[in-house]
Amino acid sequence: MKKRFGKLISVFILILFLFINTRAFAQTDTLTQVSTINALLSGIYDGEMTIGELKQHGDFGLGTFNGLDGEMLVFDGQVYQITSDGVARQPGNNTKTPFASVTYFEADQKFIIQPDTTFPEFEKQMDNLIPTQNIFYAIRIEGVFSKVKTRSVPVQKKPYQPLKEITKDQPTFDFQDIEGTIVGFRCPDFVKGINVPGYHLHFLTGDGKAGGHVLKFMVRKAVAEIDQTSKFFLILPDDVEFYGADLSEDKQADLKQVEK
Ligand code: ZN
């Protein structure tokens, strides 16, 4: 009787182990995204996904917060909120996001970025290095930068204006000879309307106190790590505003204005 019970327990443990493992497997190399970039461009700035829930989908990524209250950056499982004063804080798990992309970061490739490399030069170098432009890549750059220019966005009150109106007078921040981490993604061209095609990067200073959405940078001494990501999981908002929004329009021109 005792022997049979022991066998039953070990079968149970085996099933539990397989269950946990398949879950972990399902989450790696997956970009999980909340809402769409066109919904954000249209002024849908409130979502239902909490930071606590978002952390269940990854330890690395970027996005924004409800009411467009700053830039989000996630790495090593920690979420940072860089508000319009350029200051980085660690928001509570109940804080919500209307738009975010996260993954579990595991580097597949690592390379040294040459001194004086700029953002457009880095894009070209990485484009030459990657095996295809048709999957997602998570990018982490760690090092010292001779220059980083970032922006953040001011928190909005209803009725919300489209994003391109808000970024017209966005606060920008200039860092010089600064240690820090850049995190972000390279998305394929075919994600138009859903995410940002090409490179989208956010920056956090080494002391964790400042940063923002990256507009420009120049490397002094840095290493880039890339995580090839070929699975994509999209979580669409389950609310009246998203259901009622007209998302049929091509907003690529707006996106270019907002991103750069
Ligand atoms: Zn951004």
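## A tour of cavities, pocket and backbone

Begin at the second largest cavity, which holds about 30 Å³ of space; a cavity here is a set of points, on a 1 Å grid over the protein atoms alone, where a 1.4 Å probe fits but cannot get out, and lining residues have an atom within 4 Å of a point. The volume is the space filled by probe spheres set on the points, with grid points joined across faces, edges and corners. This is a predicted model, in which local features need pLDDT of at least 70 and side-chain atom pairs count only at pLDDT 80 or more, while totals for chains, interfaces and linings use all residues. Residues are numbered from 1 along each chain as its sequence is written, and side-chain values use heavy atoms, with hydrogens and water left out.

To see the walls of the second largest cavity, select Ile44, Asp46, Gly47, Pro98, Pro237 and Asp239. By class this lining has 3 nonpolar, 1 polar and 2 charged residues, where Ala, Val, Leu, Ile, Met, Phe, Trp, Tyr, Cys and Pro count as nonpolar, Asp, Glu, Lys and Arg as charged, and the others, Gly among them, as polar.

The count of cavities of 30 Å³ or more comes to 2, and the largest contains about 140 Å³ of space. Select Leu40, Thr64, Glu71, Arg151 and His200, which are the closest to its centre of the 16 residues that line it. Two or more lining residues come from each of α2 (37–41), β3 (60–64), β12 (198–205) and α7 (252–259), where helices (H or I, at least four residues) and strands (E, at least two) are DSSP runs numbered from the N terminus. β3 gives the most to this lining, with 3 residues.

Move next to the largest pocket, with a volume of about 350 Å³; a pocket is an open set with protein on both sides within 12 Å along at least five of seven lines. Of its 19 lining residues, Val196, Pro197, Gly198, Lys256 and Lys260 are the closest to its centre. The lining divides into 7 nonpolar, 4 polar and 8 charged residues, and α4 (119–129), β12, β13 (211–229) and α7 each supply at least two of them.

Finish with the backbone. Pro159, in the loop between β10 (136–151) and α5 (163–166), follows a cis peptide bond from Lys158, with omega near 0°. Select then Asp76, in the loop between β4 (71–75) and β5 (78–82), which has a positive phi of about 50° although it is not a glycine. Asp76 counts as exposed (over 50% relative accessible area, 1.4 Å probe, protein chains only), at 58% relative accessibility.

Notes. Buried means under 20% relative accessible area, exposed over 50%, partly exposed in between (1.4 Å probe, protein chains only).
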